Amino acid sequence: MALMDPFDALSSLQQALDAFRASDWLAAGPSGGGGYPPLNVFRKGDDFVIVAEVPGIKKSDLEVQVKGNSIRLAGTKSVTYPDKASLHRRERLGGRFDRAVTLPVEIDANGVKAECRDGVLALFLPRAERDKPKSIPVA
Amino acid sequence: MAEKQELAVRDKKELVSKEEKTVPGRHYVPYADIYETDDALTVVMEMPGVEKKDISVALENDVLRVEGRIDFTKYEGMEPVYTEYNVGHYARSFALSSKIDQDKISAQIADGVLTLTLPKAKQAQPRRIAIG
């Protein structure tokens, strides 16, 4: 593979992310889009990856549940300050969240892996074997 | 109670910089909290996806400049199908009013949140004046 210019790679990634902004891929179901945390869904080969930004949320305050092809992300983000501090700026918000999304594909619930690093949660969702597209040889 | 509040989604704010960047790609402004105690100024910034090694903090002419770069090679081979936010490097600067002891600035990062502790220089610390 040819070496990619890292700067071009960023802007093409940003363009690709823009192009799929709130696409109707996830629109089915009452959960829809718009809740916290904001998430991005990617296809990686046959499988899917959900990525969400959850800065300042400890792993222990994060709950991930999978049922059928629904994913639930719930938790609490706490933002605290020392007692005697005077606040100059306050932009970070704390609170609780509970979001469920239903994927339009069948996933293998037992194979789901969750990873949380540097404030980014990644859920690896293997596509169920029976849902994978099969290629039909043309005789 | 603030803790019971439902978290709302906010769109990321794009950085509007005085100088134009020579490289394409958007930068974002990290959400920040700033608070002051008797002996230090603390700046807390949210930079999800930024690793420790990709953060730079510089203080020059009383301007604190923080940059966090994300490693987007992690997105290789991933095809977006549905997106709600964009990713990019983070940058933000602050003009500091109080005198800071530059040598003692310390930085910590945990769960994508950068905490900078800027100890005040001795003469900037409040002194209690006894009333005779």
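Biologist: Which residue of E7(B) does A:Phe42 stand opposite?

Modeller: A:Phe42 faces B:Pro80 in E7(B). Keep in mind that this is a predicted model. The pair belongs to a place where two chains meet through their strands: E1(A) and strand E7 of chain B, residues 79–82, run antiparallel and are joined by three bridges.

Biologist: How many residues does each chain bring to the contact?

Modeller: People often describe the size of an interface by the accessible area lost when the parts come together. Here we can count residues instead: chain A contributes 56 and chain B contributes 43. On the chain A side, the elements giving two or more residues are helix H1 (6–19) and the strands E1 (39–44), E2 (47–53), E4 (70–77), E5 (86–90) and E6 (95–102). H1(A) gives the most, with 10 residues. By residue type, the chain A side splits into 26 nonpolar, 15 polar and 15 charged.

Biologist: Let me step back to chain A itself. What is the order of its elements along the sequence?

Modeller: The pattern reads α-β-β-β-β-β-β-β-β, that is, one helix and eight strands. Of the 139 residues in chain A, 27% are buried. Among contacts with a separation of 6 or more, 51% come from residues 24 or more positions apart.

Biologist: Which strands of chain A form the open sheet, and in what order?

Modeller: Three strands make it up, ordered E3-E4-E6, with antiparallel pairing. E3 and E6 of chain A each have a single partner strand and stand at the edges, so one side of each has no neighbour in the sheet. On average, neighbouring strands here are turned by 10 degrees against each other, direction ignored.

Biologist: How many bridges hold E3 and E4 of chain A together?

Modeller: Six bridges link strand E3 (residues 62–67) to E4(A), in the antiparallel sense. The two strands form a hairpin with two residues between them, and A:Gly68 in the turn has a positive phi of about 60 degrees. Beside that turn you can pick out A:Lys67, which stands opposite A:Ser70 in E4(A).

Biologist: And how many bridges does E4(A) share with E6(A)?

Modeller: Eight bridges, again antiparallel. To follow the register on screen, take A:Ala74, whose bridge partner in E6(A) is A:Asp98, and then A:Gly75, which is partnered with A:Phe97.

Biologist: Which residues of E4(A) lie on the covered face, and which on the uncovered one?

Modeller: The general idea is that side chains in a regular strand alternate between the two faces of the sheet. In E4(A), the covered face holds A:Ile71, A:Leu73, A:Gly75 and A:Lys77, while A:Ser70, A:Arg72, A:Ala74 and A:Thr76 make up the uncovered one.

Biologist: I noticed an arginine in E6(A). Is A:Arg99 buried or exposed?

Modeller: A:Arg99, found in strand E6 of chain A, counts as buried because it has 20 C-beta neighbours inside 10 Å. Sequence distance and spatial distance are separate things to read: A:Arg99 and A:Ala74 are 25 residues apart in sequence, yet their C-alpha atoms are 6.1 Å apart in space. Leaving aside residues up to four places away in sequence, A:Arg99 touches A:Gly35, A:Tyr36 and A:Leu73.

Biologist: Now for chain B. How many helices and strands does it have?

Modeller: Zero helices and 10 strands. Its radius of gyration is 18 Å, well over the 14 Å that the globule rule gives for 132 residues, so chain B is more spread out than a compact globule. Along the principal axes, the C-alpha trace spans about 70 × 45 × 25 Å. Buried residues account for 29% of chain B. Of the contacts between residues at least 6 apart in sequence, 55% join residues at least 24 apart.

Biologist: What is the strand order in the open sheet of chain B?

Modeller: The order is E1-E2-E8-E6-E5, five strands with mixed pairing. Strand E1 (13–14) and strand E5 (50–60) stand at the edges with a single partner strand each, so one side of each is left without a neighbour in the sheet. To see one edge in detail, look at E1(B): two bridges join it to strand E2, residues 27–29, and the two run antiparallel. Within that pairing, B:Lys13 stands opposite B:Val29.

Technical notes. Residues are numbered from 1 along each chain as its sequence is written. Chains are lettered from A and ligands numbered from 1 in the order in which they are written. This is a predicted model: local features need pLDDT of at least 70, side-chain atom pairs count only at pLDDT 80 or more; totals for chains, interfaces and linings use all residues. Helices (H or I, at least four residues) and strands (E, at least two) are DSSP runs, numbered from the N terminus. The radius of gyration is taken over C-alpha atoms; the globule rule is 2.2 Å times the number of residues to the power 0.38. A residue is buried if 20 or more other C-beta atoms lie within 10 Å of its own, exposed if 12 or fewer, and partly exposed in between; C-beta atoms are placed from the backbone. Two residues are in contact if their C-beta atoms, placed from the backbone, lie within 7 Å. Ala, Val, Leu, Ile, Met, Phe, Trp, Tyr, Cys and Pro count as nonpolar, Asp, Glu, Lys and Arg as charged, and the others, Gly among them, as polar. Two strands pair if DSSP finds at least two bridges between them. Axes are lines fitted to C-alpha atoms, for helices over the stretch in contact, and angles run from 0 to 180 degrees between N-to-C directions.
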